[in-house]
Amino acid sequence: MAVIKYHSGAEIDGMRRAGRLAADCLVMISEHIRPGITTDELDRIVAEYTTSRHARSAPLGYNGFPKSCCTSVNDVVCHGIPGARVLKDGDIINVDVTPVLPRANGFHGDTSATFYVGEPSPQARHVVEVARQCLEIGIDAANRRNARIGDIGAAIQAYAEAQSCTVVRAYCGHGIGRVFHSEPSVPHHGVPGSGDKLKRGMCFTIEPMINLGDWRCHELDDGWTAVTTDGSLSAQFEHTLAVTKRGVEVLTARSAVLQNSEEKPWAQLGPLACFIP
Ligand code: MF3
Ligand code: CO
Ligand code: CO
């Protein structure tokens, strides 16, 4: 069993740089989402941007993953592999980027958002907006005195289910740092008061996958693509966070609003740090 890594101030500075690059990359790619573009083209743009910023895409070659980002369309829950698929009006797509900065000691920034391709259906809008809110609720639950990992999932699950959506269980948030995926695992469902206590120096992601139908999903034969078993729509948002002495800091907070996302400007342009009230 791996142990949780507690990052020093200097290490969190490295995580801030990686997080900022991940956020910039997501804003950049959001401008390219439109009907007619293929997921391969989005991948190539992410790959070129990442290289141009002297970074490497962590997904490329990760346990054999063949591309530089994940593109998960409609009923794809996560780990969609970019390819020849052409986006069409009414689709939803999650783009998940994870640059690593060798010049900042190999720290990772991991962030994703779900975008509207053209005009969304009411159902698509519902699941996407619930997922967006679930990430905010998860961050709020973490940003409390004596918060535990289980508080995050409990808050997310309560909200999602009150909105008639369900929470994927097979994939969780994760510790992150010089390693892409580490302890602790951060479930998006669960019991308040359970799990490890949040402590200064911890860095982890919250990345709820929210389904319109049943929570179950399964992996396709490609060994990566996870789809909802009932074929219902699934949406996801992800941020990388650090626990600092002032509270939980959103390392992948954006300095501009995402395009094709109906993101509220005030949600993104605020301070990078949250503060424990
Ligand atoms: N970025 C994903 C996450 O949020 C992981 C992708 S792993 C890959 O944890 F290999 F599929 F890229
Ligand atoms: Co992640
Ligand atoms: Co990710």
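D110 bridges two cobalt ions, ligand 2 and ligand 3, which lie 3.3 Å apart. This is a predicted model, in which local features need pLDDT of at least 70, side-chain atom pairs count only at pLDDT 80 or more, and totals for chains, interfaces and linings use all residues. Residues are numbered from 1 along each chain as its sequence is written, chains are lettered from A and ligands numbered from 1 in the order in which they are written, and side-chain values use heavy atoms, with hydrogens and water left out.

## The two cobalt sites

A donor here is an N, O or S atom within 2.8 Å of the metal (3.2 Å for Na, K and Ca); water is not among the atoms, so sites may look incomplete. The table sets out the two sites.

| Ion | Protein donors | Distances | Angles among six donor atoms | Spacing along the chain |
|---|---|---|---|---|
| cobalt ion (ligand 2) | D110 (OD), H174 (NE2), E207 (OE), E238 (OE) | 2.0 to 2.2 Å | 52 to 162° | D-x63-H-x32-E-x30-E |
| cobalt ion (ligand 3) | D96 (OD), D96 (OD), D110 (OD), E238 (OE) | 2.0 to 2.3 Å | 59 to 168° | D-x13-D-x127-E |

What is the geometry of the site of the cobalt ion (ligand 2)? The site is irregular. The site of the cobalt ion (ligand 3) is irregular too. The label follows fixed cut-offs. Four donors count as tetrahedral if all angles lie between 85 and 135 degrees; four count as square planar and six as octahedral if opposite donors are over 155 degrees apart and all others between 65 and 115; anything else is irregular.

## Which parts meet at the metals

Helices (H or I, at least four residues) and strands (E, at least two) are DSSP runs, numbered from the N terminus. Start with the cobalt ion (ligand 2), whose donors are spaced D-x63-H-x32-E-x30-E. E207 sits in the loop between β11 (203-206) and β12 (209-211), and E238 in the loop between β15 (234-236) and β16 (239-244), so this pair ties together parts that are 31 residues apart in sequence.

Now take the cobalt ion (ligand 3), with its spacing D-x13-D-x127-E. D96 lies in strand β4 and E238 in the loop between β15 and β16, so that pair ties together parts that are 142 residues apart in sequence.

Are these donors buried or exposed? Buried means under 20% relative accessible area, exposed over 50%, and partly exposed in between (1.4 Å probe, protein chains only). E207 and E238 are both buried. E238 counts as buried because its relative accessibility is 0%. D96 counts as buried because its value is 10%.

E207 also has a polar partner. The side chain of T205 makes a polar contact with the side chain of E207, at 2.9 Å. Such a contact is a pair of N or O atoms within 3.5 Å; within protein, one must be able to donate a hydrogen and the other to accept it, and residues adjacent in sequence count only if both atoms are side-chain atoms. T205 lies in strand β11. Its relative accessibility is 0%, so T205 counts as buried.

## The largest pocket

Empty space is mapped on a 1 Å grid over the protein atoms alone. A cavity is a set of points where a 1.4 Å probe fits but cannot get out; a pocket is an open set with protein on both sides within 12 Å along at least five of seven lines; lining residues have an atom within 4 Å of a point. Grid points are joined across faces, edges and corners, and a volume is the space filled by probe spheres set on the points.

The largest pocket has a volume of about 380 Å³. It is lined by 25 residues, and the closest to its centre are H79, H174, F180, H181 and E207. H174 and E207 are also donors of the cobalt ion (ligand 2).

Which strand gives the largest share of this lining? That is β10, with four residues. β4 (92-97), β9 (173-175) and β10 (182-186) each supply at least two. The lining divides into twelve nonpolar, eight polar and five charged residues. Here Ala, Val, Leu, Ile, Met, Phe, Trp, Tyr, Cys and Pro count as nonpolar, Asp, Glu, Lys and Arg as charged, and the others, Gly among them, as polar.

## A closed cavity

There are two cavities of 30 Å³ or more. The second largest cavity holds about 40 Å³ of space. Its lining includes S72, V76, N94, T114 and Q236. β3 (76-78), β4 and β15 each supply at least two of the lining residues. The lining splits into five nonpolar, five polar and no charged residues.
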